[in-house]
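Here is a quick tour for anyone about to set up calculations on this one. Have the viewer open and follow along.

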Amino acid sequence: MLHLILASQSPARTKLLAEAGIRHTVLVSDVDEAAVQAHYGVTDPHDTALLLARAKAEAVAALPEADGALVLGCDSVFEFDGEAHGKPYTADVARERMLRMSGSAGVLHTGHWLVDCRDTDDDGSGGRGSGATVGAVASAEVSFLEMEPAEIDAYIATGEPLHCAGSFTIDGLGGAFIRKVDGDPHAVVGLSVSTLRGLLASANVRITDLWPPR
């Protein structure tokens with residue numbers, strides 16, 4: 001049976017996969033994102049999202065637990081005013097960002113990287129592996145409503161935006177402040193199912209093969 005490993009600790013990503021009927025397990029990488037970015041010197045938000053997704057996928061793919069599996073790494077970066085924004089981590093950073101984002105718009109880039117760890121000879125794990133290691137980025141423009149400072153403070157107090165790229169979510173409390181999304185809404189959650197479908201096809205796997213048996 002095919003085995004997909006999500007190399008991410010994001011509850012939103014694993015929830016999205018579960019709701020899409022995609023069987024998977026989670027194995028978190030220990031990638032130091034800041035160190036990866038410093039090593040490669042990547043500053044473009046689009047490329048940063050893909051680089052970090054690849055680093056996470058390849059780190060997990062190197063583990064013994066990944067033998068015979070397909071490994072998916074994901075990372076999201078918010079582009080605003082030409083700058084790349086990851087997780088704010090602190091209330092002060094989140095507040096400064098959200099005050100700037102109020103009534104404006106930015107682009108959320110989600111990088112995806114898939115590594116096929118199945119043996120290239122049939123090993124009983126769901127067919128022969130393809131040896132594929134492929135990636136893609138799904139992006140969407142997010143437009144925000146005007147946000148009152150008191151609303152921003154109340155949102156930050158929940159803790160939700162501190163560990164989200166760009167300091168917001170669309171599938172949680174932050175959805176109240178989003179006016180519209182142009183592009184794949186799943187990319188804003190942090191994992192584009194349609195992009196995953198394309199990557200799986202590169203590994204000669206149909207996404208329907210990961211649906212629960214009927």
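## Aromatic rings

Phe144 is buried, with a relative accessible area of just 3%. Keep in mind that this is a predicted model. Phe168 is buried as well, at 5% relative accessible area.

What kind of pair do Phe144 and Phe168 form? An edge-to-face one: the ring centres sit 5.0 Å apart, with 85° between the planes. The pair links distant parts of the chain, since Phe144 belongs to strand S6 (residues 133-144) while Phe168 lies in the loop between helix H5 (149-157) and strand S7 (178-183), and the two are 24 residues apart.

The structure holds 5 aromatic pairs. Another of them is Phe78 with Phe80, a stacked pair at 6.2 Å centre to centre and 15° between the planes. Both Phe78 and Phe80 are buried. Put these together and you get one aromatic cluster, made of Phe78, Phe80, Phe144 and Phe168.

## The largest pocket

If you're after space for a probe, start here: the largest pocket has a volume of about 730 Å³. Its lining runs to 32 residues, and the ones nearest the centre are Ser10, Pro11, Arg13, Lys87 and His163. Helix H1 (11-19), strand S3 (70-80) and helix H6 (185-189) are the elements that give two or more residues to this lining.

Which element gives the most to the lining of the largest pocket? That would be H1, with 4 residues. As for chemistry, the lining of the largest pocket splits into 14 nonpolar, 9 polar and 9 charged residues.

## The second largest pocket

Next comes the second largest pocket, with a volume of about 170 Å³. Its lining consists of Glu33, Gln37, Thr48, Leu52, Asp75, Ser76, Val77, Ala84, His85, Gly86, Lys87 and Tyr89. By type, that makes 4 nonpolar, 5 polar and 3 charged residues.

At least two lining residues of the second largest pocket come from each of helix H2 (33-40), helix H3 (45-61), S3 and strand S4 (83-85). S3 gives the most here, with 3 residues. Lys87 turns up in this lining and is also among the residues nearest the centre of the largest pocket.

## Cysteines

How many disulfides does the structure hold? The count is 0. Cys117 is in no disulfide, and its nearest cysteine sulfur, that of Cys74, is 15 Å away. With 18% relative accessibility, Cys117 counts as buried, because the cut-off for buried is under 20%.

Cys164 tells a similar story: Cys164 is in no disulfide, and the nearest cysteine sulfur, again that of Cys74, is 15 Å away. Cys164 is buried too, with a relative accessible area of 16%.

## Backbone oddities

Two residues deserve a look on the Ramachandran plot. Tyr89 has a positive phi of about 65°, although it is not a glycine. You'll find Tyr89 in the loop between S4 and helix H4 (91-101), and Tyr89 is one of the residues lining the second largest pocket.

Asn204 is the other one to check, with a positive phi of about 60° despite not being a glycine. Asn204 sits in the segment after helix H7 (193-202). Is Asn204 buried or exposed? Asn204 counts as exposed, at 67% relative accessibility.

Terms used. Residues are numbered from 1 along each chain as its sequence is written. This is a predicted model: local features need pLDDT of at least 70, side-chain atom pairs count only at pLDDT 80 or more; totals for chains, interfaces and linings use all residues. Side-chain values use heavy atoms; hydrogens and water are left out. On a 1 Å grid over the protein atoms alone, a cavity is a set of points where a 1.4 Å probe fits but cannot get out, and a pocket is an open set with protein on both sides within 12 Å along at least five of seven lines; lining residues have an atom within 4 Å of a point. Grid points are joined across faces, edges and corners, and a volume is the space filled by probe spheres set on the points. Ala, Val, Leu, Ile, Met, Phe, Trp, Tyr, Cys and Pro count as nonpolar, Asp, Glu, Lys and Arg as charged, and the others, Gly among them, as polar. A disulfide is a pair of cysteine sulfur atoms within 2.5 Å. Buried means under 20% relative accessible area, exposed over 50%, partly exposed in between (1.4 Å probe, protein chains only). Rings of Phe, Tyr and Trp (its six-membered ring) pair if their centres lie within 6.5 Å; planes under 30 degrees apart count as stacked, over 60 as edge-to-face and the rest as tilted.
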